[in-house]
Amino acid sequence: MNEEASAPAEKRSLDTLAAIGCSKVVAGLWRVREWNMSAALLKRYVQESMTLGVTTFDHADIYGGGEVEALFGDALTQTPSLRDRMQIVSKAGIRPRGSSAGAVRVKHYDTSRAYLQAAVERSLQRLKTDHLDLFLIHRPDHLANNDEIADAAESLIRQGKIRAFGVSNFTTRQFDSLRAKVPLATNQIEFSPFELQALDDDVFTGLSSASVSPMIWSALGGGRLFSETDELALLLRRELTTLAEKYNASSWVSIVYAWIFTLPCAPYLLVGSRRVESLQQALEGLRIGLSREDWYAILEAARGKPVP
Ligand SMILES: NC(=O)c1ccc[n+]([C@@H]2O[C@H](COP(=O)([O-])OP(=O)(O)OC[C@H]3O[C@@H](n4cnc5c(N)ncnc54)[C@H](OP(=O)(O)O)[C@@H]3O)[C@@H](O)[C@H]2O)c1
C-alpha cells in the first residue's frame, strides 16, 4: 500500500446510518426479478450476505412492481430470526402506470402524507415485517409540500413503522430545504466513473457539511463497466487493472469501490449483483486506502482529461 494512502473507509463514519446499524456495503435488490430466484434461494443469498457482514438490504415499492419486497418477505418467513439482525431500506413516491398502488394514467410522483403512509403500510405487508429501518422518498416530487412530508415522516416514526427517514436523488437545495423541517439520514445518489455529477454539483460537499452519508447506487454504472464494446469502460478497466496489481486487490472491481469509499462524505455503497462474491469485492474496496494521486488517476480516466 502506498505511503500517502488515506484512512481506510471502514474507520470513518460521519453519519446517523451507523446508529441504526447499516452496513457500509448494502445489498441492492432492484434486479431480483432478473435473478429468477425462489424464496429459498433468496434466503440463502441473504444469509450468506449477512455472514459476510452485509446486513442492510435495499428495496423500493416499485421493484418488480412490488414482487421483490413480497419475495423477500417470503424468504424472511422461512427464518424469522434473520429480521432482527438486518436493516431493511425501502423507498416510495414514484407511481408508475399500472403500479401495485392502483392504476394511474400518467407516471408521476406522490409525496402526499396519505400516499406515503399507505405506501409504507403496503411495503410492510409485502415484506412481512412490522417496521422499515430506513424509509426514503425515491425521487424529488415537483409538487412536494415539505411540511406535509415532515409530518408524514414524524408520524411514521412515532407509530414505530420506520426507524429513520431520508431521500434519494435530491439536489443539495432540495435536501437542505427538507432537512430544515425533518432530520434526514441519507440521500441515495447515483455515482460511478460514468456519473460524476454528485461530485461536480456539490451534493457530496453539502452532505458532508450536514454530517450525512450518501448511499451510492449503480457504482459500476449498472454493469456498464464490464462492457467489451464501450470505449470508456475499456479505458477505465485498463487503469483500474493496473491499480489492482499495485494494491494487491483481487480484482479491478474492488478498486472502483475503494475509489468511492475514499470520498470524504463517507458513503455507503449499494451492490446490485446476484452473486455474494461481488459483495466481497465491495468489502475488499472498503479496506483499500488509495493514494491521492491514484484517486485522481481514476478521475482523469473517467473524465478523459486531467483536472484543470
Ligand atoms: N435510489 C435510486 O433511484 C436507485 C436507482 C437504481 C438502483 N438503486 C439501488 O442500487 C442498487 C445497485 O444498482 P445497480 O444494480 O445498478 O448497481 P451496479 O452494482 O452498478 O450494477 C449491477 C449489475 O452489474 C453486474 N455485475 C457484473 N459483475 C459484477 C460484479 N463483479 N459486481 C457487481 N455487479 C456486477 C450485475 O450482474 P450480476 O448479477 O450477474 O453480477 C448487475 O447486472 C440497486 O439494486 C438498487 O437497490 C437505487
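Contact here means that heavy atoms lie within 4.5 Å. In the predicted model examined here, this criterion is applied to Trp217, which is found in strand S9, spanning residues 215-217. When residues up to four places away in sequence are not counted, Trp217 touches Arg139, Ser168, Asn169, Gln188, Ile189, Glu190, Phe191 and Leu270. With Asn169, one of these residues, Trp217 also makes a polar contact from side chain to side chain, at 3.1 Å. Trp217 and Ala92 stand 125 residues apart along the chain, and their C-alpha atoms are separated by 16 Å.

Ser168, which is touched by Trp217, also belongs to the surroundings of the ligand, where 27 residues are found and where Arg31, Asp58, Ser168, Ser218 and Ser273 come nearest. For Arg31, a polar side-chain atom is placed 2.6 Å from an oxygen atom of the ligand. An oxygen atom of the ligand likewise lies 3.4 Å from a polar side-chain atom of His138, whereas for Gln281 the ligand partner is a nitrogen atom, found at 2.9 Å from a polar atom of the side chain.

The packing of the helices was examined next, beginning with helix H2, which comprises residues 39-52. The axes of H2 and helix H11 (residues 276-287) come within 10 Å and cross at roughly 20°. The two helices, H2 and H11, are therefore roughly parallel to each other, since angles under 35 degrees are counted in that class, and their crossing is right-handed. On the side of H2, the contact involves Tyr45, Glu48, Ser49 and Leu52, which meet Val276, Leu279, Gln280 and Leu283 in H11. Sorted by class, the residues of the contact of H2 with H11 comprise 5 nonpolar, 2 polar and 1 charged.

A second arrangement involving H2 is formed with helix H3, which covers residues 67-78; here the axes come within 8 Å and cross at roughly 75°. H2 and H3 are therefore roughly perpendicular to each other, as the class in question extends from 65 to 115 degrees. The residues of H2 that take part are Ala39, Ala40, Leu42, Lys43 and Val46, and these meet Leu71, Phe72, Asp74, Ala75 and Gln78 in H3. In this contact of H2 with H3, 7 residues are nonpolar, 1 is polar and 2 are charged.

A further helix pair is made up of H4 (residues 113-127) and H5 (residues 146-158), the axes of which come within 9 Å and cross at roughly 30°. This angle makes H4 roughly parallel to H5, and H4 passes H5 in a right-handed crossing. The contact is made by Arg113, Leu116, Gln117 and Val120 on the part of H4, and by Glu148, Asp151, Ala152, Ser155 and Leu156 on the part of H5. By class, the residues of the contact of H4 with H5 are divided into 4 nonpolar, 2 polar and 3 charged.

Key
Residues are numbered from 1 along each chain as its sequence is written. This is a predicted model: local features need pLDDT of at least 70, side-chain atom pairs count only at pLDDT 80 or more; totals for chains, interfaces and linings use all residues. Side-chain values use heavy atoms; hydrogens and water are left out. Axes are lines fitted to C-alpha atoms, for helices over the stretch in contact, and angles run from 0 to 180 degrees between N-to-C directions. Helices (H or I, at least four residues) and strands (E, at least two) are DSSP runs, numbered from the N terminus. Angles under 35 degrees count as roughly parallel, over 145 as roughly antiparallel, 65 to 115 as roughly perpendicular and the rest as oblique. A crossing is left-handed if the near helix is turned anticlockwise from the far one by less than a right angle, and right-handed if clockwise. Ala, Val, Leu, Ile, Met, Phe, Trp, Tyr, Cys and Pro count as nonpolar, Asp, Glu, Lys and Arg as charged, and the others, Gly among them, as polar. A residue is near a molecule or strand if one of its heavy atoms lies within 4 Å of it. A polar contact is a pair of N or O atoms within 3.5 Å; within protein, one must be able to donate a hydrogen and the other to accept it, and residues adjacent in sequence count only if both atoms are side-chain atoms.
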